[in-house]
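Thank you for making the time this morning; I would like to walk through one model with you, going slowly from one region to the next. Please have the structure open while I talk.

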Amino acid sequence: MSAPGFTGAGIDRADHLRLDPERVAELRARADAKLLVLAELDPVLDAEDKLLWSELAGASETIFLGLEDSVPLFAPLVRAAPGQRAWSVFGLLNRMAARDAAIWGAARSLNEWHNRHPFCSACGSGTAPFRAGWGRKCPACAAEHFPRVDPVVIMLAEHEGRVLVGRQHQYPPGRFSALAGFVEPGESIEEAVARELMEEAGIAVSNVRYVASQPWPFPGSLMVACLARAETDALRLDATEIEAAMWVDCAGVAAALAGAADAPFLAPPPYAIAHSLFRRWLDGIQTGETG
Ligand SMILES: [Zn+2]
């Protein structure tokens with residue numbers, strides 16, 4: 001079973017080194033230290049579609065990503081307007097191994113967070129990076145700020161061998177995916193799944209099961225994929241969120257994942273957790289675990 005996209009970086013994050021500026025300076029001075037090459041916030045790929053790395057020498061502000069076979073890996077701290085997303089990055093992701101996407105995704109999320117948090121949320125003063133790029137500290141009030149990760153539930157409701165797929169207005173033509181939404185303060189993953197399915201599709205669900213998760217670096221989400229059993233297949237769509245929705249059976253989902261010309265919808269790309277969720281639902285049907 002393939003792992004979700006943006007996972008499997010396989011590097012030692014070496015958190016114990018982050019708070020030791022002398023050790024980090026030593027790592028930066030190493031001849032074998034590598035710096036991730038970024039174009040704004042996007043990855044740059046070599047001829048084999050692998051992440052491009054350069055020597056660290058001369059880099060000013062960096063984020064310490066961790067150690068790979070004791071080689072220190074860094075990412076540049078890039079000044080970029082937050083929220084910019086070039087659609088071309090998704091073409092690059094189609095060519096990247098999950099491991100490279102995971103390493104780049106961490107660098108992108110951290111850079112987005114730094115660019116969105118130049119000021120202290122406690123007193124309004126300008127903040128500066130610390131912890132080797134894994135935090136920001138306020139020189140005026142000493143408040144410490146840490147990169148945020150925003151949990152998002154993404155789920156398939158099942159009803160008698162079919163799952164619910166929907167499309168948002170901004171999706172490419174033909175694309176349908178699992179419904180999704182941010183977890184709110186004061187709610188569990190299971191409660192967020194049930195609320196989102198009721199809000200967006202008007203269906204009540206029970207038996208919510210966790211399936212898998214992935215980081216999603218646009219800008220810093222943790223996608224939590226779940227399955228849930230729908231009490232009914234009658235839909236009442238929230239038109240502001242969902243343009244269209246439909247129930248699809250195993251054959252339809254399998255055709256979509258295979259990219260068949262007669263598939264009922266265009267599946268999400270393999271690096272998106274929705275793709276993994278569809279795949280695991282199908283696998284579960286075959287093993288009798290779901291449905
Ligand atoms: Zn402050």
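**A sheet, a zinc site and a helix**

Let me begin with strand 1, residues 34–36, which pairs with strand 4 in the antiparallel sense over 3 bridges; strands here are DSSP runs of E with at least two residues, helices are runs of H or I with at least four residues, both are numbered from the N terminus, and two strands pair if DSSP finds at least two bridges between them. Before going further, I should say that this is a predicted model, in which local features need pLDDT of at least 70 and side-chain atom pairs count only at pLDDT 80 or more, while totals for chains, interfaces and linings use all residues. Residues are numbered from 1 along each chain as its sequence is written, and side-chain values use heavy atoms, with hydrogens and water left out.

Within strand 1, L35 has S54 of strand 4 as its bridge partner, and L35 also stands opposite F74 in strand 6. Strand 1 and strand 6 pair in the parallel sense, over 2 bridges, whereas strand 5 and strand 6 run antiparallel and are joined by 6 bridges. Among the bridge partners across that antiparallel pair are I63 with A75 of strand 6, and L67 with P72 of strand 6. Strand 5 and strand 6 form a hairpin with 2 residues between them, and D69 in the turn has a positive phi of about 50°.

Taken together, these strands make an open sheet of 4 strands in the order 4-1-6-5, with mixed pairing. Strand 4 (53–55) and strand 5 (62–68) stand at the edges with a single partner strand each, so one side of each is left without a neighbour in the sheet. On average, neighbouring strands of this sheet are turned by 35° against each other, direction ignored.

What packs on this sheet? Helix 2, residues 21–29, does so by touching strand 5 and strand 6 (71–76), and its direction makes about 95° with that of strand 6; contact means heavy atoms within 4.5 Å, and the axes are lines fitted to C-alpha atoms, for helices over the stretch in contact, with angles running from 0 to 180 degrees between N-to-C directions. Helix 4 packs on the sheet as well, touching strand 1, strand 4, strand 5 and strand 6, and its direction makes about 155° with that of strand 5.

Is strand 5 buried or exposed? With 7 of its 7 residues buried, strand 5 is largely enclosed by the rest of the structure, where buried means under 20% relative accessible area, exposed over 50% and partly exposed in between, using a 1.4 Å probe and protein chains only. Strand 6 is also largely enclosed, because 5 of its 6 residues are buried.

Now to the metal. The zinc ion is coordinated by the SG atoms of C120, C123, C138 and C141, at 2.3 to 2.4 Å; donors are N, O and S atoms within 2.8 Å of the metal, or 3.2 Å for Na, K and Ca, and since water is not among the atoms, sites may look incomplete. The 4 donor atoms subtend angles of 101 to 115° around the zinc ion, which makes the arrangement tetrahedral, a term that requires all angles among four donors to lie between 85 and 135 degrees. Along the chain, the donors follow the spacing C-x2-C-x14-C-x2-C. C120 lies in the loop between helix 4 (98–116) and strand 7 (128–130), and C138 in the loop between strand 8 (135–137) and strand 9 (144–145), so the pair ties together parts that are 18 residues apart in sequence. Both C120 and C138 are buried.

In the loop between strand 7 and strand 8 sits R131, which has a positive phi of about 55° although it is not a glycine. At 18% relative accessibility, R131 counts as buried.

Finally, helix 7. Its buried residues include I273, F278 and W281, and the buried residues of helix 7 pack against several elements, among them strand 10 (150–159), strand 13 (205–216) and helix 6 (250–258). Just after helix 7, G288 takes a positive phi of about 80°.

One last backbone detail is the cis peptide bond that joins F218 and P219, with omega about 0°; P219 is placed in the loop between strand 13 and strand 14.

Methods
Four donors count as tetrahedral if all angles lie between 85 and 135 degrees; four count as square planar and six as octahedral if opposite donors are over 155 degrees apart and all others between 65 and 115; anything else is irregular.
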